[in-house]
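Got the viewer open? Set the chain to cartoon and keep the selection box handy, then follow along stop by stop.

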Amino acid sequence: MLKPNNKKFGLRNACSVLLISGLLLAGGELHAARGGSSATGAIDAKTFDVLTKAQELTEQGKFAEAIQRLDKIKNSPKVKGNSYAKSQMLNFYAYIYTSQERFRDAIAAYKEIIAEKDAPEGLKLQSKYTVAQIYFQIEDYTSVIKFMSEWLKTVEKPTSTAHIMLAQAYYEKQQFDNSLRNLNKAISLGKQEGKPVDENWLRMKAAIYYEKNDTKNTLATYKELFALNPKVAYLKQIAGLYGELGKDMQRLTTYDAVYESGHLQKESEVLNLAYMYLGQNVPYKAGRIIEDGIKSGLIKETPKNAETLANAWAQANEHKKAIPALERSAKLAEKGVLYARLAGVHFDAGNYKQAAAAARKANQKGGLSQPGGNKMLLGMALFNVKDFEGALQAFRGAKGHKKNFNDAHKWEKYTLSELERIRALEKSKFQLAEETEKAMSAEQEGIGDFGKNILKDSDSPGS
């Protein structure tokens, strides 16, 4: 199976949106009494006006102007001495920095809010959450785990998003059990909220099981994914996982479904399906797949592919299809291996004369892994066309190969005996013909004498 190539599982863009849309606008937290005290929970009128204006400029995207406004009050005693006012100002700084993707500056500002003794608890909590999101954006997963875990400890209602970010962070740290635990929690919370299971979350789940070498659960998760979104990519993963589990027939039928839907577009994939059919002793289907692939141009007609096609047709006893495929590839091949294979197919089909011709070409090209076997086949083909002298020569050549010596010796003896029988038969035929000729000659002589005697008798006196 291919390793899931979806490491971020679509979470990065989603978290970017959540980060920007979920940031607290500082103005939403302002509840100062103009001209009031600088006690915690209140902001003086002048500071309030500056923060309000900064909020307006920020909403308009005028970040530089907003920062200029904030810079004018950041060292003011009424801000520095008022944790509430200071935390509100820092929240604006952090928001602007985040909007500008100045993530390190934003993190520093949010950490200052968290450190402020009298900052509102809600703002501190939100700051931890947002810091965790920013750390996720910059791929500092250790810090994501730290801040998001702290947030989860204190929040009353945890969110599925928080757990999914933790799941991703733990995944990146290769802490797969922690990752799976948080992922399952995120899925559970999502279901409680009435949300359908996110496809990306299931992809992450499959990847976690894969990393844990849990093939059974990886397969189950991909089946969930396919039920949710019937993508061909998921079907291919399912097929591969069946293979890893040794369920070859399920693997085959799954791949075949992909093939029949027209979604196997790579030569290697189509050939792989054909090999699967050959492995399951369904050679006809393998031959059809390769032949169709060659006709469509998806599969190149290389000597190897042509040989595989011929082998498939031969195994399916489709010799009329196997022979042309091998003849084409044998001509292209540098060595005689395919001619030897062609000789075998011809022999099996009972085409002994053609088998002998192909075997001879195989010998001429050379490069055979079993030259003795090819000579044996040549001998047997010649024997079947009653070319016994040629067969004897082939068998004697095969005897020069240790592996074939015994069989070649037996065939040599058998061929010699057949030759002797035929010679004896021919000799007896010759003798019979000679004796017949003599007999006929003698008989003709006898008839001649008999005729002469009759004539003689007819000429005698008193006749």
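Where is Lys386 found, and between which helices? Select it and look: Lys386 sits in the loop that runs between α21 (371–384) and α22 (388–398). Its phi is near 65 degrees, a positive value in a residue other than glycine. Switch on the surface here too: relative accessibility is 63%, so Lys386 counts as exposed, the cut-off being over 50%.

Now jump to Glu139, in the loop between α7 (121–137) and α8 (141–154). Glu139 also has a positive phi, near 65 degrees, and is not a glycine. Its relative accessible area is 45%, so Glu139 is partly exposed.

Time to zoom out. Keep in mind that this is a predicted model. Colour by secondary structure and you get 23 helices and zero strands in the protein chain. Of its 463 residues, 43% count as buried. Among contacts between residues at least 6 apart in sequence, 53% join residues at least 24 apart. With the whole surface on, the chain exposes about 24900 Å², and carbon and sulfur atoms supply 50% of that.

Recolour by pLDDT next. The chain averages 85, and 84% of the residues score at least 70. Then select residues 13–40, where pLDDT is below 50; in the model this stretch has 61 contacts beyond near neighbours in sequence. Where pLDDT is low, the predicted coordinates should not be read in detail.

On to the inside. Show Tyr222, Leu264, Leu273, Ile289 and Ile290 as sticks: these have the most contacts inside the largest nonpolar core, a set of 65 residues. Add helix α15 (residues 267–279), which gives the most to this core, with seven residues. A second, separate core has 47 residues, among them Ile43, Val79, Val155 and Tyr170.

Stay with Ile290 for a moment. What does Ile290 touch, not counting residues up to four places away in sequence? Bring up Leu271, Ala274, Ile299, Asn305, Thr308 and Leu309 and you have the set.

For the last stop, select helix α19 (residues 337–348) and pick out His346 within it. Is His346 buried or exposed? Relative accessibility is 6%, so His346 counts as buried, which takes a value under 20%. Show what surrounds this side of the helix: leaving aside neighbours within four places in sequence, His346 is in contact with Ile323, Glu327, Asn351, Gln354 and Ala355.

How values were computed: Residues are numbered from 1 along each chain as its sequence is written. This is a predicted model: local features need pLDDT of at least 70, side-chain atom pairs count only at pLDDT 80 or more; totals for chains, interfaces and linings use all residues. Side-chain values use heavy atoms; hydrogens and water are left out. pLDDT is the predictor's confidence in each residue, from 0 to 100. Contact means heavy atoms within 4.5 Å. A nonpolar core is a set of buried Ala, Val, Leu, Ile, Met, Phe, Trp, Tyr and Cys residues joined through side-chain atoms within 4.5 Å. Buried means under 20% relative accessible area, exposed over 50%, partly exposed in between (1.4 Å probe, protein chains only). Helices (H or I, at least four residues) and strands (E, at least two) are DSSP runs, numbered from the N terminus. Accessible areas come from the Shrake-Rupley method with a 1.4 Å probe; for residues, only the protein chains shown count as cover.
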